[in-house]
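This briefing is meant for someone meeting the structure for the first time. Please look at the sequence and the model below before reading on.

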Amino acid sequence: MSNVVIYTQENGTVAVLVPAPNCPLTVNEIADKDVPTGVSYWIVDSAELPEEDQESWELVNMPAPDGVGQ
Amino acid sequence: MANYTKSTNFAVKDTLTTGDPQKIVSGVEIDTEFVNISSMSSTKVDKVGGATAGNIATLTAGGSVQDSGDSIADITYDTDSLKTDLNATGSQPLYAVRAWVNVNANEVPPVIRGSGNVSSVTRVSNGRSQINFETVFDEADYSANASHDRTDVSNGRIISVYDYQPESVKTVVTSDAGTSSLFDPFFLSVQVVR
């Protein structure tokens, strides 16, 4: 599976960011650029995403974030 | 490609008095000059024997120059030629698509089938996607168009483009029945023209 980026949006819901396959940037570089400034993000395997509706997701007991939006 | 460098100043020998051993032109000095010339010439590219004026010079595998047979005029691409090749008749100017994406937004996470100048697609929530540009725009004054494949006679879908930003733009697909229902299309296409 592929790596995706998840972060909590201003309204409290979780967003899923998918890097474009042909983008030459690394996942971290894309996340730094595309995640809102100052927002922590996590890079996860897409297979690990919950099956429930995205709107019901909450990021709890998460490890240290992989980065912060620049 | 070393240039020829003279090793002996022969002219200065004319100023020396007769009997001065330095006044003699020795075979060693002459030979040194020929060696210098030989070394220099072996590292230079040969001039092409015959060539057509205006043609492009290319290199052989051995490093020599050759006439490619192609005229520089052949690669000159003027605006009119470009418009003709694009079937863009008329005098109207051309503007280009600066970013595009084709994404399956019906999956979580979405699946990007193809894109250009798009670094990522964010599934903001059900029915809402954010297209993030790889190279951002100076301003959000571009024109963005979006389409989707969710069609049926009884309940069409409306796609809207909103939240224009230099670095991203968002889309949302809703029902046209006046409800707030949101949909995730299998084919979400966005093009940005500037």
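In this predicted model, 18 residues of chain B are in contact with 23 residues of chain A. The area buried between chain B and chain A comes to about 1,500 Å², and carbon and sulfur atoms give 50% of that area. The points below begin with this interface, then turn to the pockets, and end with some local features.

**The interface between the chains**

- Within the area that chain B buries against chain A, 30% is supplied by P109(B), S119(B) and E134(B), which is more than any other three residues supply.
- Between chain B and chain A the count of salt bridges is zero, whereas eleven residue pairs are found in polar contact across this interface, with both residues of each pair at pLDDT 80 or more.
- On the side of chain B that touches chain A, at least two residues each are supplied by β4, β5 (118–125) and β6 of chain B, and the largest share of that side, eight residues, comes from β5(B).
- Sorted by character, the residues of the side of chain B that touches chain A divide into eight nonpolar, eight polar and two charged.

**The largest pocket**

- The largest pocket holds about 380 Å³ of space, and 18 residues line this pocket, with Y7(A), D34(A), P36(A), Q130(B) and K170(B) lying nearest its centre.
- Elements of both chains take part in the lining of the largest pocket, since at least two residues each are supplied by α1 (27–34) of chain A and by β6 (128–133) and β9 (168–175) of chain B.
- The lining of the largest pocket is made up of four nonpolar, eight polar and six charged residues.

**The second largest pocket**

- For the second largest pocket the volume is about 240 Å³, and of the 14 residues that line this pocket, S2(A), V18(A), S46(A), P109(B) and P110(B) are the closest to its centre.
- Two or more residues of the lining of the second largest pocket are given by β2 (14–19) of chain A and by β4 (111–116) of chain B.
- In the second largest pocket the lining residues divide into ten nonpolar, three polar and one charged.

**Backbone features in two loops**

- The peptide bond that runs from V108(B) to P109(B) is cis, with omega near 0 degrees, and P109(B) has its place in the loop between β3 (97–104) and β4 of chain B.
- P109(B) thus appears under several headings of this briefing, as one of the three residues named for the buried area and as one of the residues closest to the centre of the second largest pocket.
- In chain A, N61(A) has a positive phi of about 50 degrees although this residue is not a glycine, and N61(A) is found in the loop between β3 (40–45) and β4 (67–68) of chain A.

**Salt bridges**

- Over all chains the count comes to five salt bridges, and one of them is formed by E29(B) with K13(B), whose closest N and O atoms are 3.2 Å apart.
- This pair links distant parts of the chain, 16 residues apart, with E29(B) in helix α1 (residues 27–42) of chain B and K13(B) in the segment before α1 of chain B.

Note on methods: Residues are numbered from 1 along each chain as its sequence is written. Chains are lettered from A and ligands numbered from 1 in the order in which they are written. This is a predicted model: local features need pLDDT of at least 70, side-chain atom pairs count only at pLDDT 80 or more; totals for chains, interfaces and linings use all residues. Side-chain values use heavy atoms; hydrogens and water are left out. On a 1 Å grid over the protein atoms alone, a cavity is a set of points where a 1.4 Å probe fits but cannot get out, and a pocket is an open set with protein on both sides within 12 Å along at least five of seven lines; lining residues have an atom within 4 Å of a point. Grid points are joined across faces, edges and corners, and a volume is the space filled by probe spheres set on the points. Helices (H or I, at least four residues) and strands (E, at least two) are DSSP runs, numbered from the N terminus. Ala, Val, Leu, Ile, Met, Phe, Trp, Tyr, Cys and Pro count as nonpolar, Asp, Glu, Lys and Arg as charged, and the others, Gly among them, as polar. Contact means heavy atoms within 4.5 Å. Buried area is the accessible area (1.4 Å probe) that two parts lose on being put together, summed over both. A salt bridge is a side-chain nitrogen of Lys or Arg within 4 Å of a carboxyl oxygen of Asp or Glu. A polar contact is a pair of N or O atoms within 3.5 Å; within protein, one must be able to donate a hydrogen and the other to accept it, and residues adjacent in sequence count only if both atoms are side-chain atoms.
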